[in-house]
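Biologist: Before I use the words in your report, I would like to see how each of them was earned. Please show me the model, and then let me question the terms.

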Amino acid sequence: MALSDEQRAQYLDEGYLVVEDVLGPEVLAPLIGEFEAAIDAKARALHAAGQLSQLHEGAPFETRLALLYADAEGEAAQELWRVGQGKHHKTAGMFAVWTCPALLDIVEEMIGPEILAHPQFNSRAKLPDHEQTVVPWHQDTGYLQREADDTFMVNFWIPLVDAPMETGAMQVIPGSHRWQTLPHERIGFYDGLSEEGMPAYERVVDCPVRKGGVLMIQGRTVHRSVVNSTDRVRWSLDLRYCDRRKPTGRPDIPGFVARSIERPDSVAQSAEDWLRLFPGESALLDPHAR
């Protein structure tokens, strides 16, 4: 997939871009199926242990986790939420989305053909009115070592369901990609930026995205997510890319090579290749292994 001249200019000039219809259902469905299977397995285990009253088997992907979370208590509720949250979902479905040619073609337009799938990635299950998933203003480079400040990164926020603003979609500050990486401080559950610690800015842009679309930002673009005021789960991914020859800011965590003309033999061909970088994590290919 190629960006238009206008799209490319907006991304480079303003530090963000919403692109619709990038990922087809055939790309997202396997990953969604993995999450559904993992949630079902965890729910059945908690139900069998007497920690969950109902399985909500007929509920759709957009609402089932929220219903289960509401019925569980204490640590059981957190266990359910963590199924979809974080960096542990190293699966065939995740790999397929991350290496989707439509995404890689866009990245190649920006940084060339030597592409690393950056080690900092996340899946997110933003529950209704859930304080732990409201993320303050921040820069993605703020979570990395300073060696990566000059590494151009193409970062994607990818909803797995329709994400209008009321579900807790993203907001960005246009032009903030020109700021330096600012000192981050603890704000709630995350490291972020206080209003007092940021330069003056003129506007905030809401970035609702339909399923199949993506929000592109740069590493220093300031962004945040807002509260989910619906009864649905806002499922999403954070996927990032950079030149494989540049510092990632996470020297202790490997990324995998997603595309390379110089070193085609180094390109990961499967999730198994990705997992070989993490000895002992092969069980995570099984969505029931939680």
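The conversation below takes the terms one at a time.

Modeller: This is a predicted model, in which local features need pLDDT of at least 70 and side-chain atom pairs count only at pLDDT 80 or more, whereas totals for chains, interfaces and linings use all residues. Residues are numbered from 1 along each chain as its sequence is written, and side-chain values use heavy atoms, with hydrogens and water left out.

Biologist: Why is R234 called buried?

Modeller: The relative accessibility of R234 is 2%, and buried means under 20% relative accessible area with a 1.4 Å probe and protein chains only, exposed means over 50%, and partly exposed lies in between, so R234 counts as buried. R234 lies in strand β11, a strand being a DSSP run of E of at least two residues and a helix a run of H or I of at least four, both numbered from the N terminus.

Biologist: Which residues is R234 in contact with, leaving aside neighbours within four places in sequence?

Modeller: With contact meaning heavy atoms within 4.5 Å, the partners of R234 include R124, W157, T167, S225 and N228. The side chain of R234 also makes a polar contact with the side chain of S236, at 2.9 Å; a polar contact is a pair of N or O atoms within 3.5 Å, where within protein one must be able to donate a hydrogen and the other to accept it, and residues adjacent in sequence count only if both atoms are side-chain atoms.

Biologist: Why is R240 buried, and which side chain is joined to that of R240 by a polar contact?

Modeller: R240, which is in strand β11 too, has a relative accessible area of 8%, and is therefore buried. Its side chain is joined to that of D140 by a polar contact of 3.2 Å, and D140 is among the residues in contact with R240, as are W98, H118, N122 and N155.

Biologist: What makes the largest pocket a pocket rather than a cavity?

Modeller: On a 1 Å grid over the protein atoms alone, a cavity is a set of points where a 1.4 Å probe fits but cannot get out, while a pocket is an open set with protein on both sides within 12 Å along at least five of seven lines. The largest pocket has a volume of about 500 Å³, a volume being the space filled by probe spheres set on the points, which are joined across faces, edges and corners.

Biologist: How many residues line the largest pocket, and which lie nearest its centre?

Modeller: It is lined by 31 residues, each with an atom within 4 Å of a point, and N122, R124, H138, D238 and R240 lie nearest its centre. Strands supplying at least two lining residues each include β3 (122–126), β4 (153–159) and β11 (234–243). The lining divides into twelve nonpolar, nine polar and ten charged residues, where Ala, Val, Leu, Ile, Met, Phe, Trp, Tyr, Cys and Pro count as nonpolar, Asp, Glu, Lys and Arg as charged, and the others, Gly among them, as polar.

Biologist: What makes a set of residues a nonpolar core, and which members of the largest one touch the most others?

Modeller: Such a core is a set of buried Ala, Val, Leu, Ile, Met, Phe, Trp, Tyr and Cys residues joined through side-chain atoms within 4.5 Å. Of the 62 residues in the largest core, L23, F156, M216 and W235 touch the most other members, and the largest share of this core, nine residues, comes from α2. A second, separate core of twelve residues includes V172, V209, L215 and I217.

Biologist: The loop between β3 and β4 holds both T133 and D129; why is T133 counted as buried and D129 as exposed?

Modeller: T133 is at 5% relative accessibility and so counts as buried, whereas D129 has a relative accessible area of 60% and is therefore exposed. T133 is in contact with W81, Q85 and Y190, among others. D129 has a positive phi, near 45°, in a residue other than glycine.

Biologist: What joins Q132 to Q78?

Modeller: A polar contact of 3.3 Å joins their side chains. Q132 is in the loop between β3 and β4, and Q78 is one of the buried residues of helix α4 (residues 74–83), as is W81. What covers the buried residues of α4 includes α2 (25–48), α3 (61–71) and β3.
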